Amino acid sequence: MASRVLIAEDNLVNQMVARGLVLRLGYEVGVAGNGREVLAALGSESYALVLMDCQMPEMDGYQATAAIRASEAAWRKIPILAMTTSTESGDRARCLEAGMNGFVAKPLKAENLADALQKWLLVDHQALDEIRELGPSLLAELLETFAKLVPARVLVMRQAIAELRVESVRFEAHALKSASGNLGATGMAAVCAALEATISLGDGSATSATIDQLEREFTAYMRAVRSVEAA
């Protein structure tokens, strides 16, 4: 199931442009016209990310973001990206102070939007936040270990496929699914679950293709999480 993005924008034309771009990128979409509608939408449906216009009537993007961060709801840590025409450092600082995670420049461009969404949607940031709470250096250590673990596990799986050792592939996929889930690598975890469930002796080429997909998910995840950590 595709990730669902909430677009918070009061201008109808801007809404339509943003909605069209997000849909074209393969995500599901919800729309809110002001901050109050954002809070109502988050309370009624599950979203993976909010694209937040800063200037909206009734409750603007800054107020809505602050309310989200102050809430006790499950969505209080949802990634929020400001949609802004301003490049002034003071305006961007205000976004960050309100609790936003980053920015997407207006007018929206497909390439920039795709990069921003991939950066924040390939990773379950709540899972990473929970690890950070256990110690400031633990996450960096786990990511370093993960970066070495995955290629080694993939190599073992490829060797097992060549030798028709189905249970070995299933075992490795299960182990990687668990590790991926713990580090918020949602795409990797999904591929591992599919691999674990569908592998068979007569499906070697399809299994190899799935492992290729796993490697692509791993590369994208590491790029995304390192980008977030460096921000």
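This briefing covers the pockets, the nonpolar cores and the aromatic pairs of the structure above. The model is a predicted one. Its largest pocket holds about 740 Å³ of space, its largest nonpolar core has 32 residues, and Phe 146, Phe 218 and Tyr 221 form one aromatic cluster.

**Pockets**

- The largest pocket, with about 740 Å³ of space, is lined by 27 residues, and those closest to its centre are Ser 3, Tyr 47, Ala 48, Leu 121 and Thr 186.
- Helix 5 (110-121), helix 6 (125-132) and helix 9 (186-198) each supply at least two residues of this lining, and the largest share, three residues, comes from helix 9.
- By class, the lining of the largest pocket divides into 15 nonpolar, seven polar and five charged residues.
- The second largest pocket encloses about 190 Å³ of space, and its lining consists of ten residues, with Asn 101, Trp 120, His 125, Asp 129 and Val 228 nearest its centre.
- Helix 6 gives the largest share of the lining of the second largest pocket, three residues, while the classes in that lining are four nonpolar, two polar and four charged residues.

**Nonpolar cores**

- In soluble globular proteins, nonpolar side chains tend to be buried together.
- Within the largest nonpolar core, which has 32 residues, Phe 146, Met 157, Leu 183, Leu 214 and Tyr 221 touch the most other members.
- Two or more residues of this core come from each of helix 6, helix 7 (138-162), helix 8 (166-182), helix 9 and helix 10 (204-230).
- Apart from neighbours within four places in sequence, Leu 214 is in contact with Val 154, Met 157, Leu 176, Met 188, Val 191 and Cys 192.
- A second, separate core comprises 21 residues, among them Ala 41, Met 52, Cys 54 and Cys 95.

**Aromatic pairs**

- The structure holds two aromatic pairs; in one of them, Phe 146 and Phe 218 meet edge-to-face, at 6.0 Å centre to centre and with 70° between the planes.
- That pair links distant parts of the chain, since Phe 146 lies in helix 7 and Phe 218 in helix 10, 72 residues apart, and Phe 146 and Phe 218 are buried.
- The ring centres of Phe 146 and Tyr 221 are 5.8 Å apart and their planes stand at 80°, so this pair is edge-to-face, given that angles over 60 degrees count as such.
- Phe 146 in helix 7 and Tyr 221 in helix 10 are 75 residues apart, and their pair likewise links distant parts of the chain; both residues are buried.

Terms used
Residues numbered from 1 in each chain as written. Heavy atoms only, no water. 1 Å grid on protein atoms, 1.4 Å probe; cavity = no way out; pocket = protein on both sides within 12 Å on 5 of 7 lines; lining within 4 Å. Points joined across faces, edges and corners; volume = space filled by probe spheres on them. Helix = DSSP H or I, 4+ residues; strand = E, 2+ residues; numbered from the N terminus. Nonpolar A, V, L, I, M, F, W, Y, C, P; charged D, E, K, R; others polar. Core = buried A, V, L, I, M, F, W, Y, C linked by side-chain atoms within 4.5 Å. Buried < 20%, exposed > 50% of the residue type's maximum accessible area, 1.4 Å probe, protein only. Contact = heavy atoms within 4.5 Å. Phe/Tyr/Trp six-rings, centres within 6.5 Å; stacked < 30°, edge-to-face > 60°.
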